[in-house]
Amino acid sequence: MLTLTCPYCGIPCDETELAAGGEAHLKRFGPGASDAEFEGYMFHRENPKGVHFERWRHAYGCGKWFLAARHTVTMEVFGTYEAQSTEPPQEVRDRITARHPGWTWRDFA
Ligand SMILES: [Zn+2]
């Protein structure tokens, strides 16, 4: 079972207390964007076998959205952080690099 710690409450939550919100750190495109950019934003998602950044909501707790970094195969959680973050905190990236040297994902390597 996946257990994530809500960064607002500080409570470790089973996945039954959470609602998944898909991939985190999507680059949004608005009016004036090309069709390809908007299509990428709407439909293209990462589906890695490895490190992934996701949106979660503490649905049966404080109700707030937060972000999590985890490994999709081992279920290892590298950290959770506030949803307003535009990129993963350095300590989360350092934890990932310590466990998976040379990992890359978008611009966060
Ligand atoms: Zn919470």
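Start with Arg55. Arg55 stands opposite Leu67 in β5. Keep in mind that this is a predicted model. The strand pair behind that contact is β4 and β5, joined by seven bridges. The two run antiparallel.

Now step back to the whole sheet. It is open, and it has four strands. The order is β3-β4-β5-β6, with antiparallel pairing. Which strands stand at the edges? They are β3, residues 19–23, and β6, residues 77–82. Each has a single partner strand, so one side of each is left without a neighbour in the sheet. The sheet is also twisted in this sense: neighbouring strands are turned by 30° against each other on average, direction ignored.

Next, what packs on the sheet? Helix α2 does, residues 90–99. Helix α2 touches β4, β5 and β6. Its direction makes about 170° with that of β6.

Let's walk along the sheet, from the β3 side. β3 is joined to β4, residues 51–57, by three bridges. These two strands run antiparallel. One residue pair to look for: Ala20 stands opposite Trp56 in β4.

On to β5, residues 65–71. Is this strand largely enclosed or left open? Five of its seven residues are buried, so β5 is largely enclosed by the rest of the structure.

Then β5 meets β6. They pair in the antiparallel sense, over five bridges. Look for Ala69 here: its bridge partner in β6 is Gly79. The two strands form a hairpin, with five residues between them. Met75 sits in that turn. Its phi is positive, about 65°.

Last stop, the loop between β4 and β5. Find Ala59 there. Is Ala59 buried, exposed or partly exposed? There are 15 other C-beta atoms within 10 Å of Ala59. Buried takes 20 or more, and exposed takes 12 or fewer, so a residue in between is partly exposed. Ala59 is therefore partly exposed.

Which residues does Ala59 touch? Leaving out residues up to four places away in sequence, they are Glu17, Leu18 and Ala19. Take Leu18. Ala59 and Leu18 are 41 residues apart along the chain. Their C-alpha atoms are separated by 5.1 Å.

To recap. The open sheet runs β3-β4-β5-β6. Helix α2 packs on that sheet. And the loop residue Ala59 touches Glu17, Leu18 and Ala19.

Conventions. Residues are numbered from 1 along each chain as its sequence is written. This is a predicted model: local features need pLDDT of at least 70, side-chain atom pairs count only at pLDDT 80 or more; totals for chains, interfaces and linings use all residues. Two strands pair if DSSP finds at least two bridges between them. Axes are lines fitted to C-alpha atoms, for helices over the stretch in contact, and angles run from 0 to 180 degrees between N-to-C directions. Two residues are in contact if their C-beta atoms, placed from the backbone, lie within 7 Å.
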